[in-house]
Amino acid sequence: MIIFDEKKYAENMLKGGYLTKHKNVYELHILAKYYFQLGYSHEDVKGHLISFCTQHNEYFNKDEWYKIINTTVKSATKAKFITGKQVYITHSELEYLKQLDKLNEQKVAFVLLVLYKFYNYKKFDVSIEDIFRLSKLNLNSKTKLEILQSLTSKELVDITMGGKRWVKFADKSTSPALVIDNFEDFIFTYLKFIGEKIGECTNSNCNRLFKHTGKNHKMCSECNKEYRRKYKTEKQREYRKK
Ligand SMILES: [Zn+2]
């Protein structure tokens, strides 16, 4: 899994506990960095992590966890906190993508480009599952490998012996044609650029992009879900009043 914004991640943890099923220690690490960012002292951060664990770990064993918390807090003091990142896509990069005649290849190349830039032009680890999730492509494994193979043979992307990927057509200049600051649905930014019908969520403070399916489609799926949930409770309340 790729965590694009650790501030958002930590805030979601504080709302609902661990975000992974296995309650990974790296999540506590993010939480520790979050508290350091807010200016808390070493001892306070420890205290916050302990209360988080007491609340969210069913079998919180102090003997076992104090050690983990100590190491986590220590390693978090100097670690970088990743939040509010932006990635710039240039005209020359978009030209490279346009040359690909298959849209699916364009999508995958775009995703790899954004990731390469997100990681500051360092060769990076990413699972095939994540590449295609971010491309919003639902394909069988054979087709997935064919797309990656095709991009490699066209010399647009490459992979090291150790499995790290990188992009060969990245342009480090900073005059952007597109700016990516939402990393959940960034493929829509590309699809909008090439002229597909992409809407922007009308819910206040959201601005997420989504695939337009009709005139009355005005919100992203998240806000739509929330809206329908509220509508349902409202209706139930009215019904009970009668
Ligand atoms: Zn929305």
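**Exercise 1. Determine which span is expected for helix α2 (residues 25–37) at 1.5 Å a residue, and compare it with the distance between its end C-alpha atoms.**

Solution. Step 1: helices (H or I, at least four residues) and strands (E, at least two) are DSSP runs, numbered from the N terminus. Step 2: the expected span of a helix is 1.5 Å times one less than its number of residues. Step 3: α2 has 13 residues and should therefore span 18 Å; its end C-alpha atoms are 19 Å apart, which agrees.

This is a predicted model, in which local features need pLDDT of at least 70 and side-chain atom pairs count only at pLDDT 80 or more, while totals for chains, interfaces and linings use all residues. Residues are numbered from 1 along each chain as its sequence is written.

**Exercise 2. State which residues of α2 are buried and which helices they pack against.**

Solution. Step 1: a residue is buried if 20 or more other C-beta atoms lie within 10 Å of its own, exposed if 12 or fewer, and partly exposed in between, with C-beta atoms placed from the backbone. Step 2: in α2 the buried residues are E27, L28, I30, L31, A32, K33, Y34 and Y35. Step 3: these buried residues pack against α1 (6–16), α3 (42–56) and α4 (62–76). Step 4: just after α2, G39 has a positive phi of about 95 degrees.

**Exercise 3. Identify the members of the largest nonpolar core that touch the most other members, and the elements that supply two or more of its residues.**

Solution. Step 1: a nonpolar core is a set of buried Ala, Val, Leu, Ile, Met, Phe, Trp, Tyr and Cys residues joined through C-beta atoms within 7 Å. Step 2: the largest core holds 25 residues, of which A109, V111, L112, L113, V114 and I187 touch the most other members. Step 3: β1, α6 (103–118), α8 (141–153) and α9 (186–193) each give two or more residues to this core. Step 4: the greatest contribution, nine residues, comes from α6. Step 5: another core lies apart from it and has 14 residues, among them L28, L49, F52 and C53.

**Exercise 4. Describe the surroundings of V111 in helix α6.**

Solution. Step 1: V111 is buried, because 23 other C-beta atoms lie within 10 Å. Step 2: two residues are in contact if their C-beta atoms, placed from the backbone, lie within 7 Å. Step 3: not counting residues up to four places away in sequence, V111 touches I131, L134, S135 and I187. Step 4: for the helix as a whole, 13 of the 16 residues of α6 are buried, so α6 is largely enclosed by the rest of the structure. Step 5: α6 reaches 22 Å from its first C-alpha to its last, close to the 22 Å expected at 1.5 Å a residue. Step 6: N120, just after α6, takes a positive phi of about 55 degrees.

**Exercise 5. Assign the residues of strand β1 (residues 87–90) to its covered and uncovered faces, and describe its pairing with strand β4 (residues 176–180).**

Solution. Step 1: in a regular strand the side chains alternate between the two faces of the sheet. Step 2: V87 and I89 form the covered face of β1, whereas Y88 and T90 form the uncovered one. Step 3: two strands pair if DSSP finds at least two bridges between them. Step 4: β1 and β4 pair in the antiparallel sense over four bridges, and I89 stands opposite L178 in β4.
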